[in-house]
Amino acid sequence: MKTIVAILTACLISTTVQAQKKLTVVTNQPVAEISPTMWGIFFEDINFGADGGLYAEMVKNRSFQFELPMTGWKEIKKDGNGKILIQNTGGNRNTRYAQLTVNAPAGRYGLTNEGFRGMGFHKGETYRFAIVAKKASGNAKLRVEAVNSAGAKIGEATIDQLPAEWNTATVSFTTTDSAMKGRLNVWFEGTGSVEVTRVSLFPAKTWKNRPNGMRPDLVQLLADMKPGFLRFPGGCIVEGRDLTNRYQWKETVGPVDDRKTIVNRWNMEFRHKPTPDYYQSFGLGFFEYFQLSEDIGAEPLPILNCGMACQFNSGEVVAMNEMDPYVQDALDLIEFANAPVTTKWGKLRADMGHPAPFNLKYIGIGNEQWDEQYIERYKLFHAVLKQKHPEIKIISSVGPSPEGKLFDYAWKELRALNTDIVDEHYYASPDWFLKNASRYDNYDRKGPKIFAGEYAAQSKAIASAENRNNWQCALSEAAFMTGLERNADVITMASYAPLFAHVDAWQWTPDLIWFDNLRSYGTPNYYVQKLFALNRGTHLLSVLSEGAVLNGKDSLYASAVLDKKGKVVIIKVVNAAASAATVALDLKGAKMAKGEAQIETLAASDKQAVNSLDSPTAIAPSKQIIRSKDKTIAIAPMSLNVITIPIQ
Ligand code: AHR
């Protein structure tokens with residue numbers, strides 16, 4: 001096939017040009033297939049990511065199950081009186097209810113809920129209220145009110161007949177105004193005794209309008225990334241600070257009211273950001289995560305506890321001879337996801353509304369564990385899963401650090417076991433990310449594949465409250481990701497972490513997507529992820545400059561893929577320098593087809609620049625058609641560029 005030199009220019013920049021590079025892309029000898037799971041999403045319930053975030057429930061502590069049962073609630077009175085007593089029926093799950101004695105023949109008495117740092121109401125939208133209650137005596141009626149932060153009413157509905165036996169009563173209302181930090185007032189009018197075990201409020205508009213649904217704006221941001229996989233539920237939340245608050249998937253499926261509320265392990269993790277009101281209702285549980293994966297076209301990737309609590313906290317382990325239930329959890333999860341409806345767990349999946357299997361292909365054993373205690377526990381899972389489910393690929397951990405003694409030890413053991421995919425994590429400086437763009441260039445091609453399972457450049461230091469999602473960090477991640485892509489024969493999965501953060505309730509920064517109660521935005525890091533994911537391609541191509549890979553020379557980084565279906569060559573070029581550069585593309589083995597070549601650029605002139613709720617797309621990609629006349633493509637200073645060229 002003829003070699004052609006693609007002569008193209010984007011004429012983007014008039015800044016002084018420094019680096020000039022000829023990039024030779026070998027289009028007719030793909031190096032490897034790119035895994036469809038290459039770029040994915042890491043979800044964890046941190047920073048109010050689930051309750052108060054993705055999960056659209058607006059009532060905090062809806063079943064009075066937080067350690068302090070009135071957290072989020074306050075008594076309210078208007079020309080009436082009464083008292084509240086928290087009753088506990090004993091037993092194992094969600095056993096509390098509030099008994100309200102109402103004495104308001106000509107007024108009102110009740111409770112108000114503050115939501116998750118307030119409740120966000122959109123003007124003109126419908127909200128669905130539900131109460132699980134019993135009118136024990138008297139004639140009390142119910143009036144619900146949405147109010148704004150000043151206490152002004154913006155929505156209202158009444159229920160005249162409360163159920164005489166435990167039951168759910170529902171009513172909807174439409175708001176007359178918006179409120180960012182609204183509240184929900186639950187008033188009783190009349191006299192008598194009412195018992196309440198759950199109060200719930202959802203917007204009618206959830207993702208796919210599902211009851212018990214998710215915030216549509218947040219899911220849309222995920223769907224827009226077209227992620228290859230969705231890792232859930234974390235993260236250290238899988239491990240728990242101790243084993244009592246580890247994540248147990250079986251506690252998160254079945255009827256929502258039966259899912260036992262527990263403390264969120266991030267609740268008091270950081271002294272600089274205590275969030276004592278952070279619990280897990282599990283309204284968003286494993287069924288919902290599988291469903292979400294399916295909705296957004298991502299492979300589900302559940303991570304299970306491996307009999308170890310977080311080694312940064314208690315580090316508790318389950319005795320080796322007590323591990324059976326943990327291994328059984330993994331087997332049962334595969335049954336829940338994939339088995340026919342005639343099986344116990346397959347039936348539960350069907351009862352929850354999804355008779356078809358979820359086609360689970362991956363399972364993670366342990367989150368970020370290390371040392372011998374992990375390897376010996378991991379081996380138990382490995383042996384059983386490989387024997388009973390050879391079709392499932394297992395993700396194993398090499399700890400929190402991408403190098404060092406523990407990392408090397410875990411790798412040695414996992415390589416000997418011939419594990420499928422090893423999960424490496426990197427939270428490091430932007431400089432580390434730039435330097436590590438070549439990290440995988442010399443990795444063992446015969447060993448396990450790599451999952452870059454958690455990474456994010458830290459502008460200050462790991463877990464510092466001053467970390468920012470600034471352009472410098474995002475750009476360094478882009479440079480690093482060209483290294484991941486260039487090594488797509490060994491890297492089969494990668495995800496930025498963490499995913500979500502509520503602007504008023506976060507514990508960890510930086511995060512990919514930020515939101516308040518009404519709005520959300522993608523950070524520059526989000527747009528980097530999205531550009532890579534939307535331009536994944538199907539086959540890896542070699543791209544060389546002066547005979548070598550371009551992984552930092554003159555602050556330039558490059559990788560290339562072929563999209564066989566779309567018949568395009570896609571070249572990613574990162575310029576980490578503050579000066580412009582040019583590249584001349586030499587496409588070996590391909591003829592340019594008719595159609596438009598284009599360059600999509602993500603750039604900012606200020607390293608500290610960020611997106612925000614008020615300027616959500618201050619840094620966002622912009623596209624330009626490339627003219628096929630001139631010799632070079634201009635590469636803006638501090639930019640990520642995705643160059644797409646149609647080929648015959
Ligand atoms: O992403 C935040 C935390 O970082 C994760 O929970 C954990 O796996 C890692 O230490």
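Begin by selecting strand β24 (residues 513-515), which is joined to β23 by 3 bridges, the two running parallel; strands here are DSSP runs of E of at least two residues, helices are runs of H or I of at least four, both numbered from the N terminus, and two strands pair if DSSP finds at least two bridges between them. This is a predicted model, in which local features need pLDDT of at least 70 and side-chain atom pairs count only at pLDDT 80 or more, while totals for chains, interfaces and linings use all residues. Residues are numbered from 1 along each chain as its sequence is written, and side-chain values use heavy atoms, with hydrogens and water left out.

Within this pairing, Phe 500 stands opposite Ile 513 of β24. Widening the selection shows an open, mixed sheet of 3 strands in the order β23-β24-β25, with β23 (500-502) and β25 (520-522) as the edge strands, each pairing on one side only.

Next, select Glu 477, which is found in helix α8 (residues 471-486). Beyond its neighbours within four places in sequence, Glu 477 is in contact (heavy atoms within 4.5 Å) with residues including Phe 433 and Tyr 496.

From there, move to Phe 433, which counts as buried (under 20% relative accessible area, 1.4 Å probe, protein chains only) because its relative accessibility is 0%. Phe 433 and Tyr 455 form a tilted aromatic pair, 6.4 Å centre to centre with 45° between the planes; rings of Phe, Tyr and Trp (its six-membered ring) pair if their centres lie within 6.5 Å, planes under 30 degrees apart counting as stacked, over 60 as edge-to-face and the rest as tilted. The pair links helix α7 (residues 430-435) with strand β21 (residues 449-457), its members lying 22 residues apart.

How values were computed:
Buried < 20%, exposed > 50% of the residue type's maximum accessible area, 1.4 Å probe, protein only.
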